Each structure stands twice: as C-alpha cells, then as structure tokens.
Amino acid sequence: MTMKSVLERVLNHELLTREETKNILIGITRSEYPDEQITALLTGLQMRGITVDELLGFRDGILETGAPAILNSDRYIDVVGTGGDRKNTFNISTTSCFVIAGAGYRVAKHGNFAATSVSGASNVIAEHGVKFTSDIDKLNRSMEECGIVYLHAQLFATAMKFVGGIRKALQFPTVFNLLGPIINPSRPKAQLLGVANLDQMRLYNEVYRKLGVDYGIVNSIDGYDEISLTSDFKVSTNDYERIFSPSDLGFEKAKPEELVAGATEEEAAKIFDAVLENRSLSAQKNIVLANAGFGIQVMENGQKDIQECIAIARESLESGKALATFKKFVELNS
C-alpha cells in the first residue's frame, strides 16, 4: 500500500480500515514515508474527520511498536483527560487516581508532560522526585505495594517521536491528539476519560465499545475535559448517559478561578499536596471527590450508585489513606 494511494483515497473522502491505519503507523516508525506525505495525510484526515476504525488502527500500531507494560493484575483503572481545553486546571485526574488507589482500587495512570497547561501528570509526579521507569519489575512492585503505577508516555509510545516535529510544525490538532487516552501500554480494562466536547464523547463512546472495556466519559458543559463542578456535566458509561448538576452530588458550584493550577509547576504541586493533605479549598477537594467517585463507579461496574462511590472517595481522602498511598508511591519510585 503506497502513501500515494492512501492520500488519493483520503482526498476522495474514502475511509481507511483499522488494519490499513495500523500498517501506516508501522510504516511511519520504519521511516517509509517522507515528512511531506505524513503531513498531507494528517491534514487530510483532520479536514475529513477521523473514523473510529481509523483511530483504533493508529492505536494498534502505537501499541505494537511501543514497549508494553505487562502488570500482574487483572483489573485496574486509568483516569485521564484528552487535554487541550486550555483551562490550565490543577492536576485533577492525577490527584483523583491517588484517592481511588487509597480506597483500595488498583490504578495504572498513563500520562505525559503538559502541552497546553502549566502542569501535566508527569510534571507533578516528577516535581515530587519520582523517577519514571519502564522496568516491569519495579512497576509491578509499585502496584503490589501501594496499588498504583505511573506510566510516563514517552518511555512506551516510541512511535510518537517519529511525528513530533511534524505535529509541532502543523500547529493544529491531529489524530495523534486523540490517541493519548487510549494508548496506555498496560491496556487497562477500566477507564475514566474526560473530554472537552460532546463530539469527542460520541467518538470515544464507540471506541470503548469496540475495545470492550468498562468506561466512563465525562464532559463539563462549559468546556472542561473533566468534572469541574463549574457547570452541569454529562456522563456516559457502559450503562447510562446522564446530565448531572453539582447539586445532584451534594456539592456547591465551583468558580473557574478555584480550579487554576497557578503560574508554575511548583504552584500546581502545592495544590496537589493540599488536596491530598485535606487542607485545600473546598471546591478543589469536591472536584477531586467527584472525579474519583465516578472512577470508582466504573471499577464497580456501575453496581454502586454515585453517592456511595463519592462517599468511598471521601473516606479515602479524609482518613489520610490517599496521602499515605502517595507517600508510599514516592518512596518506591524515587
């Protein structure tokens, strides 16, 4: 399959199969195509719109050419956002992961450095002295002893380095911006995903159904790629689709300025610490409890109502279990 024939099909608005986009990705990692052709492909797909099978094919190629993370655990969750909402929020997903782990659920958090905000998951983890690793024995020890591992994306998705320069030069989102949430190298069977708009929610709904995982997808109606409590928000899972208001969960409405990470990585890390130490703004705490609660509901296969799941998250945080989990995680991974 030549790139010329692929480009002709994309320009004619024809669809590619999952196997074809997987092979294209593998070809990119083998340097089979010049940058100009890859640029044309990414631009054409962005203008035409990506399909579920095309997205899954790129995912398959990234996982096949990357380093796997084989964990000795049958069931664990990843909590992640698509990013790109340009809201510069504090590390809500990452903090939620430690609350979930503190509650006794297993977590394999996949993340990277920030692209459009002050602090991404890798920034706040590294700020605490954690050393990223792809050593499977070390990862499994972390999972066994504190219930959570951190998978720094750059150590696993080696295919991304082949398109890094092109993506930077294009300066608009491409299919690769959609791949981050679904290329966790440990292939979790449960995931809570925050998306920035309802079009993305529909896309990932189909993606997760095809992958056969337990999932929750959340979007705040005012454009946050997580449950921000600044407005009503929509949740879509294997079992239901519903719009919630903050009051439905017993929470006050949050103000946008209460979610901001600050101007530096150090400021973002201080908010992260304050939440886990149960001394943050009530809005910051509530936002983490809401996101962690829906993550716990996914892990419970929807068998517990959301109020019960938030209560589990609250006990993890207020009892100090979440903080103890984080301290153990830092100890094991520094």
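Okay, let's start with a question: in which hand does α4 pass α10? The crossing is right-handed. Before I go on, keep in mind that this is a predicted model.

So, that pair of helices. α4 covers residues 52-65 and α10 covers residues 198-211. They pack at an angle of about 60°, and their axes are 10 Å apart. Angles from 65 to 115 degrees would count as roughly perpendicular and those under 35 as roughly parallel, and α4 and α10 are therefore oblique to each other. Who makes the contact? On the α4 side we have Val52, Asp53, Leu55, Leu56 and Arg59. From α10 come Leu203, Glu206, Val207, Lys210 and Leu211. If you sort the residues of this contact by class, you get 6 nonpolar and 4 charged, with no polar ones.

Now the second pair, α12 and α13. α13 is residues 306-318, and α12 is residues 282-299. The axes of α12 and α13 come within 8 Å and cross at roughly 120°. The perpendicular range stops at 115 degrees and roughly antiparallel begins over 145, so α12 and α13 are oblique to each other. The crossing of α12 and α13 is right-handed. From α12, the residues involved are Lys285, Leu289, Ala292, Gly293, Phe294, Ile296 and Gln297. They meet Ile306, Cys309, Ile310, Ile312, Ala313, Arg314, Leu317 and Glu318 in α13. The class breakdown for this contact is 10 nonpolar, 2 polar and 3 charged residues.

Stay with α12 for a second, and let's talk about cores. Which residues touch the most other members of the largest nonpolar core? They are Leu249, Leu276, Phe294 and Phe329, in a core of 59 residues. The element that gives the most to this core is α12, with 10 residues. Let's zoom in on Leu249. Setting aside neighbours within four places in sequence, Leu249 contacts Phe233, Phe244, Ala290, Phe294, Ile306, Gln307 and Ile310. Phe294 turns up in that list, and Phe294 is also one of the α12 residues meeting α13. Apart from the largest core there is another one, of 42 residues, including Leu41, Leu56, Leu179 and Ile217. You've already heard about Leu56, as part of the α4 contact with α10.

Next, a single residue: Ile38, in helix α3, residues 35-48. Buried or exposed, where does Ile38 fall? Its relative accessible area is 2%, and the cut-off for buried is under 20%, so Ile38 is buried. Leaving out neighbours within four places in sequence, Ile38 is in contact with Ile28, Tyr33, Val163 and Ile166. Also, Ile38 and Ile24 sit 14 residues apart along the chain, with their C-alpha atoms separated by 9.5 Å.

Last bit: backbone oddities. Most residues other than glycine have a negative phi. His13 isn't a glycine, yet it has a positive phi of about 65°. You'll find His13 in the loop between α1 (3-11) and α2 (18-29). With a relative accessible area of 57%, His13 is exposed. Then there's Gln171, also not a glycine, with a positive phi of about 60°. Gln171 is in the loop between α8 (164-170) and α9 (175-179). At 71% relative accessibility, Gln171 counts as exposed.

That's my tour, happy to rotate the model if anyone wants to look.

Terms used
Residues numbered from 1 in each chain as written. Predicted model: local features only at pLDDT ≥ 70, side-chain atom pairs only at ≥ 80, totals over all residues. Heavy atoms only, no water. Axes fitted to C-alpha atoms, helices over the stretch in contact; angles between N-to-C directions. Helix = DSSP H or I, 4+ residues; strand = E, 2+ residues; numbered from the N terminus. Left-handed = near helix turned anticlockwise from the far one by under 90°. Contact = heavy atoms within 4.5 Å. Nonpolar A, V, L, I, M, F, W, Y, C, P; charged D, E, K, R; others polar. Core = buried A, V, L, I, M, F, W, Y, C linked by side-chain atoms within 4.5 Å. Buried < 20%, exposed > 50% of the residue type's maximum accessible area, 1.4 Å probe, protein only.
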